[in-house]
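Work through the exercises below with the sequence and the coordinates open. Each task is followed by a solution in steps.

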Amino acid sequence: QNTISDDIDNYGTLNITATTSVTDDIFVRGGSTLNSSSTVTSNDGVYVYGDLNVTAGTFTVGNGFVEDLVLYTGGTFDPSGGTTAIKDDLWISTGGVATITADVNVGGMVNVDAGTLNVNTGADLDIEEIIDQDGGTININDGAVNLNSGTAVSRVYVDNAAFNVSGGTLT
């Protein structure tokens with residue numbers, strides 16, 4: 001197993017193909033790509049301004065306390081294989097886009113703040129708490145979105161936004 005004891009601040013293409021533990025933040029900058037196809041654990045947050053692709057393996061963000069996966073303007077999150085486990089929240093800010101076509105488990109909430117969340121064929125999006133949407137767009141085209149109601153009451157809040165369900169399930 002590889003251990004990186006500092007931030008990863010990526011401005012190019014970073015392919016992680018071996019089991020890797022990162023003890024600090026991961027920054028995926030504009031125009032850069034992080035491809036993960038093995039077991040990658042970030043013990044802190046992951047901040048995306050470029051493209052984050054999970055194609056296989058397990059990608060884990062945080063340990064459950066204020067370690068979020070955050071998509072900023074121009075940031076994309078495209079898990080197409082494997083499993084992504086976000087121990088706290090998934091934040092999709094203005095201009096960020098998440099297109100889910102694989103297993104994604106969110107231990108906190110999904111907050112779509114003027115960004116876009118697409119749930120497509122093959123997706124299994126499990127959310128422990130709530131979906132909080134303030135602007136932006138959520139498209140459930142296929143796949144499954146499961147609100148698990150762990151310790152909190154599961155809810156969907158939609159405020160001045162588009163919430164579209166054209167297929168799949170929302171439970």
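**Exercise 1. The first sheet**

Task: Give the strand order and the pairing sense of the open sheet that contains β2 and β23.

Solution. Step 1: eight strands make up this open sheet, in the order β2-β5-β8-β11-β14-β17-β20-β23, and the pairing is parallel. Strands are DSSP runs of E with at least two residues, numbered from the N terminus, while helices are runs of H or I with at least four. Two strands count as paired if DSSP finds at least two bridges between them.
Step 2: the edges are β2 (8-10) and β23 (156-159), each of which pairs on one side only.
Step 3: from one strand to the next, the twist averages 5°. For this angle, axes are lines fitted to C-alpha atoms (for helices over the stretch in contact), and values run from 0 to 180 degrees between N-to-C directions.
Step 4: inside the sheet, β8 (residues 46-48) pairs with β11 (residues 69-71) in the parallel sense over three bridges. The bridge partner of Y47 in β11 is V70.

The model is predicted: local features need pLDDT of at least 70, side-chain atom pairs count only at pLDDT 80 or more, and totals for chains, interfaces and linings use all residues. Residues are numbered from 1 along each chain as its sequence is written, and side-chain values use heavy atoms, with hydrogens and water left out.

**Exercise 2. The second sheet**

Task: Describe the open sheet that contains β3 and β24, then follow its bridges.

Solution. Step 1: the order is β3-β6-β9-β12-β15-β18-β21-β24, eight strands with parallel pairing.
Step 2: β3 (13-16) and β24 (162-165) are the edge strands, since each pairs on one side only.
Step 3: the twist averages 5° from one strand to the next.
Step 4: β9 and β12 (residues 76-79) run parallel and are joined by four bridges. D51 has T76 as its bridge partner in β12.
Step 5: β12 continues to β15 (residues 97-100) through two bridges, again in the parallel sense. Here F77 stands opposite A98 in β15.
Step 6: at the β24 end, β21 (residues 137-140) pairs with β24 in the parallel sense over four bridges, and I138 stands opposite F163.

**Exercise 3. The nonpolar core**

Task: Which residues have the most contacts inside the largest nonpolar core?

Solution. Step 1: a nonpolar core is a set of buried Ala, Val, Leu, Ile, Met, Phe, Trp, Tyr and Cys residues joined through side-chain atoms within 4.5 Å. Buried means under 20% relative accessible area, exposed over 50%, and partly exposed in between (1.4 Å probe, protein chains only).
Step 2: the largest core has 35 residues, and those with the most contacts inside it are V46, L52, F59, L69, F77, L117 and L125.
Step 3: take F77 from that list. Residues up to four places away in sequence aside, F77 touches L52, V54, L69, L71, T84, V97, A98, T99, I100 and V104; contact means heavy atoms within 4.5 Å.

**Exercise 4. Three loop residues**

Task: Where are G57, A114 and N160 placed, and is each buried or exposed?

Solution. Step 1: G57 is in the loop between β9 (51-54) and β10 (58-61). Its relative accessibility is 32%, so G57 counts as partly exposed. Leaving aside neighbours within four places in sequence, G57 is in contact with S37, S38, G82 and T83.
Step 2: A114 lies in the loop between β17 (110-112) and β18 (116-119). With 34% relative accessibility, A114 is partly exposed. A114 has a positive phi of about 70° although it is not a glycine.
Step 3: N160 sits in the loop between β23 and β24 and counts as exposed because its relative accessibility is 72%. N160, also not a glycine, has a positive phi of about 55°.

**Exercise 5. The whole chain**

Task: How does the radius of gyration of the protein chain stand against that of a compact globule?

Solution. Step 1: the chain has zero helices and 25 strands.
Step 2: the globule rule is 2.2 Å times the number of residues to the power 0.38, with the radius taken over C-alpha atoms. For 171 residues a compact globule would have a radius near 16 Å; the chain has 15 Å, which agrees.
Step 3: along the principal axes, the C-alpha atoms fill a box of roughly 40 × 30 × 25 Å.
Step 4: of the 171 residues, 47% count as buried.
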